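User: I'd like a close look at just one helix and what comes right after it. Could you walk me through that part in plain words?

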Amino acid sequence: MLALIFTSFFVVLIGMGFSMTLSYGAAFIIPAFATGFSQYNMESIVQWLCSAAGKTTYVAIALFVVSGNIMSQGKLTEQIFAFFQYFLGRSKSCIPIVAVLTAIFYGMISGSGMAVVAAVGAMVLPMLIEYGYNQAFFAAMLAAAGSLGQLIPPSSAILQYCAMAGTDESDMFKVGAVIGFTCAVALVAITFFHCRKDTGDTEKSMKAYEELKAQGFAKVVGTSVWGLLSPVIILGGIFTNLLSVVEAAAISVVYACFVSLFIYKSLDLKGLWDAFKGSVKNVASVAMMLAFAVAFSSLLDVFNGGEVIAAAITSVLSTPTAFVVASVVVMSVGMMFMNPIAIIVPIVAPIAASFGLDPMVYGAGMSGIVAIGSLTPPFGVSLYIMSPIAKVHPMTIARKVLPLWGLMTGIILIYMLFPQLSVWAYK
(Lines give C-alpha, C1' and ligand atoms only; values in the text may rest on other atoms or scores of the structure.)
Protein backbone atom coordinates (compact mmCIF):
# COMPACT_ATOMS: atom_id res chain seq x y z
CA MET A 1 0.00 0.00 0.00
CA LEU A 2 2.91 2.35 0.67
CA ALA A 3 4.06 1.72 -2.88
CA LEU A 4 0.61 2.72 -4.15
CA ILE A 5 0.68 5.94 -2.11
CA PHE A 6 4.02 7.06 -3.49
CA THR A 7 3.28 5.82 -7.00
CA SER A 8 0.04 7.82 -7.03
CA PHE A 9 1.93 10.91 -5.93
CA PHE A 10 4.80 10.71 -8.39
CA VAL A 11 2.74 9.61 -11.39
CA VAL A 12 0.53 12.67 -11.04
CA LEU A 13 3.39 14.99 -10.18
CA ILE A 14 5.91 13.96 -12.79
CA GLY A 15 3.98 12.07 -15.42
CA MET A 16 0.99 14.37 -15.80
CA GLY A 17 2.48 17.70 -14.75
CA PHE A 18 -0.02 18.58 -12.03
CA SER A 19 0.70 20.86 -9.08
CA MET A 20 2.11 19.61 -5.79
CA THR A 21 -1.30 20.06 -4.12
CA LEU A 22 -3.14 17.91 -6.66
CA SER A 23 -0.38 15.33 -6.49
CA TYR A 24 -0.81 15.08 -2.75
CA GLY A 25 -4.55 14.78 -3.28
CA ALA A 26 -3.99 11.78 -5.56
CA ALA A 27 -1.74 10.16 -2.94
CA PHE A 28 -4.61 10.44 -0.45
CA ILE A 29 -7.61 9.56 -2.63
CA ILE A 30 -6.37 6.78 -4.94
CA PRO A 31 -5.29 4.44 -2.09
CA ALA A 32 -8.63 5.12 -0.36
CA PHE A 33 -10.50 3.91 -3.45
CA ALA A 34 -8.12 0.97 -3.84
CA THR A 35 -8.86 -0.25 -0.31
CA GLY A 36 -12.58 0.31 -0.64
CA PHE A 37 -12.40 3.00 2.07
CA SER A 38 -11.75 0.24 4.61
CA GLN A 39 -8.68 1.92 6.12
CA TYR A 40 -9.82 5.53 5.94
CA ASN A 41 -12.44 7.56 4.09
CA MET A 42 -12.98 11.06 2.76
CA GLU A 43 -14.08 12.27 6.19
CA SER A 44 -10.73 11.13 7.59
CA ILE A 45 -8.87 13.13 4.93
CA VAL A 46 -10.88 16.25 5.74
CA GLN A 47 -10.18 15.82 9.46
CA TRP A 48 -6.46 15.40 8.81
CA LEU A 49 -6.39 18.52 6.64
CA CYS A 50 -8.33 20.61 9.17
CA SER A 51 -6.01 19.49 11.94
CA ALA A 52 -2.95 20.26 9.83
CA ALA A 53 -4.28 23.69 8.85
CA GLY A 54 -4.67 24.87 12.44
CA LYS A 55 -1.08 26.08 12.81
CA THR A 56 0.16 29.54 13.70
CA THR A 57 3.05 28.96 11.30
CA TYR A 58 0.64 29.47 8.39
CA VAL A 59 -0.30 32.88 9.80
CA ALA A 60 3.39 33.86 9.92
CA ILE A 61 3.92 32.68 6.34
CA ALA A 62 0.94 34.69 5.12
CA LEU A 63 1.97 37.86 6.95
CA PHE A 64 5.60 37.71 5.80
CA VAL A 65 4.42 37.21 2.20
CA VAL A 66 2.23 40.30 2.54
CA SER A 67 4.99 42.47 4.01
CA GLY A 68 7.48 41.20 1.43
CA ASN A 69 5.13 42.04 -1.46
CA ILE A 70 4.47 45.52 -0.11
CA MET A 71 8.15 46.28 0.36
CA SER A 72 9.14 44.84 -3.01
CA GLN A 73 6.86 47.40 -4.69
CA GLY A 74 8.39 50.26 -2.71
CA LYS A 75 11.81 51.90 -2.94
CA LEU A 76 13.51 49.60 -0.46
CA THR A 77 16.18 48.27 -2.84
CA GLU A 78 17.37 51.72 -3.93
CA GLN A 79 17.56 53.03 -0.38
CA ILE A 80 19.46 50.03 0.96
CA PHE A 81 21.93 50.25 -1.94
CA ALA A 82 22.50 53.96 -1.31
CA PHE A 83 23.18 53.34 2.38
CA PHE A 84 25.91 50.76 1.77
CA GLN A 85 27.41 52.76 -1.09
CA TYR A 86 27.69 55.85 1.11
CA PHE A 87 29.86 54.06 3.68
CA LEU A 88 31.80 51.71 1.39
CA GLY A 89 32.23 53.95 -1.63
CA ARG A 90 35.95 54.59 -1.25
CA SER A 91 36.79 50.91 -1.76
CA LYS A 92 37.70 50.00 -5.34
CA SER A 93 35.46 46.95 -4.94
CA CYS A 94 32.68 49.15 -3.58
CA ILE A 95 29.94 48.66 -6.15
CA PRO A 96 30.15 44.82 -6.28
CA ILE A 97 30.29 44.46 -2.49
CA VAL A 98 27.42 46.92 -2.09
CA ALA A 99 25.43 44.93 -4.65
CA VAL A 100 25.97 41.67 -2.73
CA LEU A 101 25.17 43.31 0.62
CA THR A 102 22.01 44.82 -0.85
CA ALA A 103 20.86 41.40 -2.08
CA ILE A 104 21.55 39.83 1.32
CA PHE A 105 19.89 42.65 3.24
CA TYR A 106 16.85 42.73 0.96
CA GLY A 107 16.47 38.99 1.51
CA MET A 108 16.15 39.71 5.24
CA ILE A 109 13.16 41.88 4.38
CA SER A 110 11.34 39.84 1.76
CA GLY A 111 12.07 36.27 2.93
CA SER A 112 11.99 35.13 -0.69
CA GLY A 113 15.13 34.33 -2.63
CA MET A 114 13.48 34.65 -6.04
CA ALA A 115 12.00 38.05 -5.17
CA VAL A 116 15.48 39.25 -4.22
CA VAL A 117 17.02 37.95 -7.43
CA ALA A 118 14.37 39.71 -9.50
CA ALA A 119 14.26 43.01 -7.59
CA VAL A 120 17.94 43.49 -6.76
CA GLY A 121 19.20 41.87 -9.95
CA ALA A 122 17.11 44.15 -12.17
CA MET A 123 18.42 47.25 -10.40
CA VAL A 124 22.03 46.39 -9.57
CA LEU A 125 23.29 44.06 -12.30
CA PRO A 126 22.88 46.56 -15.18
CA MET A 127 24.86 49.03 -13.05
CA LEU A 128 27.67 46.49 -12.54
CA ILE A 129 27.75 45.78 -16.26
CA GLU A 130 27.84 49.51 -17.02
CA TYR A 131 30.82 49.84 -14.68
CA GLY A 132 32.66 47.15 -16.62
CA TYR A 133 32.42 44.18 -14.24
CA ASN A 134 32.14 40.57 -15.44
CA GLN A 135 28.42 40.11 -16.06
CA ALA A 136 28.33 36.31 -15.88
CA PHE A 137 30.19 36.18 -12.56
CA PHE A 138 28.07 38.84 -10.91
CA ALA A 139 24.84 37.39 -12.29
CA ALA A 140 25.86 34.21 -10.47
CA MET A 141 26.95 36.08 -7.33
CA LEU A 142 23.72 38.07 -7.05
CA ALA A 143 21.69 34.90 -7.60
CA ALA A 144 23.68 33.18 -4.85
CA ALA A 145 23.31 36.13 -2.46
CA GLY A 146 19.62 36.40 -3.23
CA SER A 147 19.05 32.72 -2.46
CA LEU A 148 19.96 33.44 1.17
CA GLY A 149 16.66 35.30 1.44
CA GLN A 150 15.04 31.92 2.06
CA LEU A 151 17.48 31.04 4.86
CA ILE A 152 18.10 34.28 6.77
CA PRO A 153 14.88 35.18 8.66
CA PRO A 154 12.14 35.75 7.77
CA SER A 155 12.87 32.54 5.90
CA SER A 156 10.04 31.03 3.88
CA ALA A 157 11.87 27.69 3.69
CA ILE A 158 12.24 27.49 7.49
CA LEU A 159 8.58 28.39 8.01
CA GLN A 160 7.52 25.63 5.63
CA TYR A 161 9.82 23.13 7.33
CA CYS A 162 8.45 24.04 10.77
CA ALA A 163 4.86 23.69 9.56
CA MET A 164 5.56 20.15 8.37
CA ALA A 165 7.87 19.01 11.17
CA GLY A 166 6.06 20.73 14.05
CA THR A 167 9.20 22.47 15.31
CA ASP A 168 9.57 25.93 16.85
CA GLU A 169 9.97 28.72 14.31
CA SER A 170 11.69 31.19 16.63
CA ASP A 171 14.50 28.82 17.59
CA MET A 172 15.03 27.62 14.04
CA PHE A 173 15.11 31.21 12.80
CA LYS A 174 18.01 31.88 15.15
CA VAL A 175 19.98 28.88 13.89
CA GLY A 176 19.12 29.77 10.29
CA ALA A 177 20.44 33.29 10.85
CA VAL A 178 23.80 31.94 12.06
CA ILE A 179 24.15 29.64 9.03
CA GLY A 180 22.86 32.27 6.61
CA PHE A 181 25.17 35.03 7.82
CA THR A 182 28.14 32.68 7.60
CA CYS A 183 27.28 32.01 3.95
CA ALA A 184 26.83 35.76 3.44
CA VAL A 185 30.29 36.54 4.84
CA ALA A 186 31.78 33.90 2.53
CA LEU A 187 30.11 35.49 -0.53
CA VAL A 188 31.28 38.98 0.42
CA ALA A 189 34.84 37.69 0.89
CA ILE A 190 34.78 35.99 -2.54
CA THR A 191 33.50 39.23 -4.09
CA PHE A 192 36.31 41.19 -2.45
CA PHE A 193 39.04 38.88 -3.75
CA HIS A 194 37.44 38.64 -7.20
CA CYS A 195 37.51 42.43 -7.50
CA ARG A 196 41.26 42.54 -7.00
CA LYS A 197 41.47 41.40 -10.64
CA ASP A 198 38.09 42.46 -11.98
CA THR A 199 38.37 46.15 -11.07
CA GLY A 200 35.76 47.53 -13.46
CA ASP A 201 35.68 51.25 -14.22
CA THR A 202 36.96 52.69 -10.93
CA GLU A 203 36.72 56.25 -12.19
CA LYS A 204 33.03 55.90 -12.90
CA SER A 205 32.46 54.20 -9.52
CA MET A 206 34.19 57.02 -7.66
CA LYS A 207 32.17 59.61 -9.56
CA ALA A 208 28.92 57.92 -8.48
CA TYR A 209 30.19 57.80 -4.91
CA GLU A 210 31.09 61.50 -4.89
CA GLU A 211 27.64 62.41 -6.21
CA LEU A 212 26.02 60.39 -3.44
CA LYS A 213 28.38 61.87 -0.86
CA ALA A 214 27.39 65.35 -1.97
CA GLN A 215 23.84 64.67 -0.79
CA GLY A 216 25.13 64.58 2.77
CA PHE A 217 25.07 62.07 5.60
CA ALA A 218 21.74 63.25 7.02
CA LYS A 219 19.81 62.90 3.78
CA VAL A 220 21.20 59.52 2.72
CA VAL A 221 20.97 57.86 6.12
CA GLY A 222 17.75 59.63 7.07
CA THR A 223 16.05 58.25 3.99
CA SER A 224 17.51 54.75 3.95
CA VAL A 225 17.15 54.06 7.67
CA TRP A 226 13.46 53.29 7.25
CA GLY A 227 14.24 50.41 4.94
CA LEU A 228 17.09 49.19 7.13
CA LEU A 229 14.93 49.09 10.26
CA SER A 230 12.63 46.36 8.98
CA PRO A 231 15.02 43.41 9.44
CA VAL A 232 16.30 44.99 12.65
CA ILE A 233 12.78 44.97 14.09
CA ILE A 234 12.09 41.41 12.92
CA LEU A 235 15.39 39.83 13.95
CA GLY A 236 15.75 41.96 17.08
CA GLY A 237 12.30 41.02 18.32
CA ILE A 238 12.85 37.32 17.69
CA PHE A 239 16.41 37.08 19.04
CA THR A 240 15.54 38.97 22.23
CA ASN A 241 12.39 36.85 22.67
CA LEU A 242 10.29 40.01 22.84
CA LEU A 243 8.25 38.87 19.85
CA SER A 244 7.04 35.53 18.63
CA VAL A 245 7.46 34.83 14.93
CA VAL A 246 3.77 35.56 14.28
CA GLU A 247 3.96 38.83 16.21
CA ALA A 248 7.10 39.85 14.31
CA ALA A 249 5.35 39.04 11.03
CA ALA A 250 2.32 41.14 11.98
CA ILE A 251 4.51 44.10 12.95
CA SER A 252 6.42 43.76 9.66
CA VAL A 253 3.14 44.18 7.72
CA VAL A 254 2.14 47.30 9.68
CA TYR A 255 5.63 48.71 9.28
CA ALA A 256 5.69 47.98 5.53
CA CYS A 257 2.37 49.77 5.08
CA PHE A 258 3.53 52.77 7.10
CA VAL A 259 6.84 53.17 5.25
CA SER A 260 5.36 52.61 1.78
CA LEU A 261 2.39 54.93 2.28
CA PHE A 262 3.80 57.76 4.39
CA ILE A 263 7.61 57.73 4.21
CA TYR A 264 8.63 56.69 0.69
CA LYS A 265 5.12 57.27 -0.69
CA SER A 266 5.82 54.54 -3.22
CA LEU A 267 2.35 53.05 -2.88
CA ASP A 268 -1.14 54.50 -2.75
CA LEU A 269 -4.17 52.71 -1.30
CA LYS A 270 -4.88 51.00 -4.61
CA GLY A 271 -1.31 49.74 -4.87
CA LEU A 272 -1.52 48.51 -1.28
CA TRP A 273 -4.73 46.64 -2.04
CA ASP A 274 -3.15 45.06 -5.12
CA ALA A 275 -0.22 43.89 -2.99
CA PHE A 276 -2.64 42.28 -0.55
CA LYS A 277 -4.54 40.54 -3.37
CA GLY A 278 -1.34 39.23 -4.90
CA SER A 279 -0.25 37.92 -1.52
CA VAL A 280 -3.50 36.01 -1.03
CA LYS A 281 -2.96 34.18 -4.31
CA ASN A 282 0.57 33.26 -3.33
CA VAL A 283 -0.37 32.13 0.16
CA ALA A 284 -3.40 30.06 -0.85
CA SER A 285 -1.49 27.53 -2.92
CA VAL A 286 1.38 27.27 -0.41
CA ALA A 287 -0.98 26.85 2.57
CA MET A 288 -2.95 24.09 0.85
CA MET A 289 0.21 22.26 -0.10
CA LEU A 290 1.53 22.53 3.45
CA ALA A 291 -1.75 21.25 4.90
CA PHE A 292 -1.50 18.15 2.70
CA ALA A 293 2.17 17.72 3.59
CA VAL A 294 1.47 17.87 7.33
CA ALA A 295 -1.52 15.54 6.97
CA PHE A 296 0.67 13.14 4.98
CA SER A 297 2.11 11.79 8.24
CA SER A 298 -1.42 10.82 9.31
CA LEU A 299 -1.85 8.94 6.06
CA LEU A 300 1.41 7.07 6.57
CA ASP A 301 0.41 6.19 10.14
CA VAL A 302 -2.62 4.29 8.84
CA PHE A 303 -0.29 1.81 7.18
CA ASN A 304 2.59 2.13 9.68
CA GLY A 305 4.49 3.83 6.88
CA GLY A 306 6.67 5.93 9.13
CA GLU A 307 8.02 2.87 10.92
CA VAL A 308 8.59 0.97 7.66
CA ILE A 309 10.42 3.85 6.00
CA ALA A 310 12.44 4.63 9.13
CA ALA A 311 13.49 0.97 9.47
CA ALA A 312 14.52 0.85 5.81
CA ILE A 313 16.58 4.05 6.05
CA THR A 314 18.26 3.23 9.36
CA SER A 315 19.17 -0.24 8.11
CA VAL A 316 21.22 1.39 5.36
CA LEU A 317 22.35 4.52 7.23
CA SER A 318 23.38 3.37 10.66
CA THR A 319 25.03 6.57 11.97
CA PRO A 320 23.80 10.16 12.39
CA THR A 321 26.66 11.41 10.20
CA ALA A 322 25.71 9.12 7.33
CA PHE A 323 22.06 10.17 7.67
CA VAL A 324 22.91 13.89 7.60
CA VAL A 325 25.14 13.52 4.53
CA ALA A 326 22.51 11.39 2.76
CA SER A 327 19.81 13.97 3.61
CA VAL A 328 21.86 16.78 2.07
CA VAL A 329 22.61 14.75 -1.05
CA VAL A 330 19.00 13.66 -1.58
CA MET A 331 17.62 17.16 -1.03
CA SER A 332 20.28 18.72 -3.28
CA VAL A 333 19.57 16.28 -6.11
CA GLY A 334 15.82 16.75 -5.68
CA MET A 335 16.18 20.53 -5.91
CA MET A 336 17.69 20.13 -9.38
CA PHE A 337 14.26 19.11 -10.66
CA MET A 338 11.65 20.46 -8.23
CA ASN A 339 11.23 21.58 -4.61
CA PRO A 340 10.91 18.26 -2.75
CA ILE A 341 10.65 19.74 0.75
CA ALA A 342 6.99 18.78 1.10
CA ILE A 343 7.81 15.18 0.16
CA ILE A 344 11.00 14.72 2.15
CA VAL A 345 10.41 16.58 5.42
CA PRO A 346 7.46 14.51 6.73
CA ILE A 347 9.63 11.41 6.23
CA VAL A 348 13.06 12.53 7.42
CA ALA A 349 12.16 14.78 10.38
CA PRO A 350 11.04 11.86 12.64
CA ILE A 351 14.09 9.82 11.58
CA ALA A 352 16.40 12.72 12.44
CA ALA A 353 14.81 12.81 15.89
CA SER A 354 15.35 9.05 16.32
CA PHE A 355 19.06 9.59 15.60
CA GLY A 356 19.17 12.20 18.34
CA LEU A 357 19.97 15.06 15.95
CA ASP A 358 19.21 18.57 17.12
CA PRO A 359 15.89 19.35 15.37
CA MET A 360 16.65 23.06 15.01
CA VAL A 361 20.05 22.59 13.43
CA TYR A 362 18.92 19.74 11.18
CA GLY A 363 15.81 21.66 10.08
CA ALA A 364 17.70 24.89 9.44
CA GLY A 365 20.31 22.98 7.44
CA MET A 366 17.72 21.26 5.27
CA SER A 367 15.97 24.60 4.76
CA GLY A 368 19.31 26.04 3.68
CA ILE A 369 19.72 23.34 1.04
CA VAL A 370 16.24 24.22 -0.23
CA ALA A 371 17.16 27.93 -0.26
CA ILE A 372 20.26 27.50 -2.42
CA GLY A 373 18.57 24.82 -4.54
CA SER A 374 17.19 27.60 -6.75
CA LEU A 375 20.76 27.90 -8.13
CA THR A 376 21.17 24.36 -9.46
CA PRO A 377 20.55 23.43 -13.10
CA PRO A 378 18.69 22.25 -15.06
CA PHE A 379 15.66 23.85 -13.39
CA GLY A 380 17.23 26.40 -11.03
CA VAL A 381 14.64 29.18 -11.04
CA SER A 382 17.10 31.92 -10.08
CA LEU A 383 19.21 31.14 -13.14
CA TYR A 384 16.27 31.80 -15.43
CA ILE A 385 15.27 34.97 -13.58
CA MET A 386 18.80 36.34 -13.83
CA SER A 387 19.46 35.27 -17.44
CA PRO A 388 17.41 37.95 -19.28
CA ILE A 389 18.65 40.62 -16.86
CA ALA A 390 22.29 39.72 -17.52
CA LYS A 391 21.66 38.79 -21.17
CA VAL A 392 23.64 35.62 -20.54
CA HIS A 393 22.54 32.03 -21.15
CA PRO A 394 21.30 30.31 -17.94
CA MET A 395 23.88 27.53 -18.28
CA THR A 396 26.67 30.11 -18.54
CA ILE A 397 25.50 31.54 -15.23
CA ALA A 398 25.23 27.99 -13.86
CA ARG A 399 28.92 27.33 -14.53
CA LYS A 400 29.82 30.39 -12.48
CA VAL A 401 27.29 29.72 -9.73
CA LEU A 402 28.07 26.05 -9.04
CA PRO A 403 31.31 26.79 -7.10
CA LEU A 404 29.36 29.27 -4.96
CA TRP A 405 26.59 26.72 -4.44
CA GLY A 406 29.19 24.11 -3.50
CA LEU A 407 30.77 26.46 -0.95
CA MET A 408 27.42 27.24 0.68
CA THR A 409 26.45 23.56 0.69
CA GLY A 410 29.73 22.80 2.45
CA ILE A 411 29.07 25.49 5.08
CA ILE A 412 25.56 24.17 5.71
CA LEU A 413 26.84 20.59 5.99
CA ILE A 414 29.52 21.62 8.52
CA TYR A 415 26.89 23.25 10.72
CA MET A 416 24.67 20.15 10.49
CA LEU A 417 27.54 17.81 11.37
CA PHE A 418 28.76 20.03 14.21
CA PRO A 419 25.58 21.42 15.80
CA GLN A 420 27.52 22.95 18.71
CA LEU A 421 28.57 25.69 16.27
CA SER A 422 25.05 27.09 16.16
CA VAL A 423 22.94 25.75 19.05
CA TRP A 424 24.18 28.63 21.21
CA ALA A 425 21.89 30.90 19.21
CA TYR A 426 18.76 29.55 20.89
CA LYS A 427 19.93 27.80 24.05
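Analyst: Let's begin at the end: just after H11, Gly 216 takes a positive phi of about 95°. Keep in mind that this is a predicted model.

Now step back into the helix itself. H11 covers residues 202-214, so 13 residues in all. How far apart should its ends be? At 1.5 Å a residue, the expected span is 18 Å, and the end C-alpha atoms are indeed 18 Å apart, so the two values agree.

Next, which residues of H11 are buried? They are Ser 205, Ala 208, Tyr 209 and Leu 212. Picture yourself looking down the axis of H11: the buried residues fall within an arc of 100°, so they line one face of the helix. Turn to the face that points away from that buried side, and you meet Glu 203, Lys 207, Glu 211 and Ala 214, which are exposed.

Back to that positive phi, since glycine isn't the end of the story. Lys 265 has a positive phi too, of about 55°, although it is not a glycine. Lys 265 sits in the loop between helix H13 (245-263) and helix H14 (269-302). With 64% relative accessibility, which is over the 50% cut-off, Lys 265 counts as exposed.

Lys 391 is another non-glycine residue with a positive phi, near 60°. You'll find Lys 391 in the loop between helix H19 (381-390) and helix H20 (394-417). Its relative accessible area is 74%, so Lys 391 is exposed.

Key. Residues are numbered from 1 along each chain as its sequence is written. This is a predicted model: local features need pLDDT of at least 70, side-chain atom pairs count only at pLDDT 80 or more; totals for chains, interfaces and linings use all residues. Side-chain values use heavy atoms; hydrogens and water are left out. Helices (H or I, at least four residues) and strands (E, at least two) are DSSP runs, numbered from the N terminus. Buried means under 20% relative accessible area, exposed over 50%, partly exposed in between (1.4 Å probe, protein chains only). The expected span of a helix is 1.5 Å times one less than its number of residues. The arc is that of the directions from the helix axis to the C-beta atoms.
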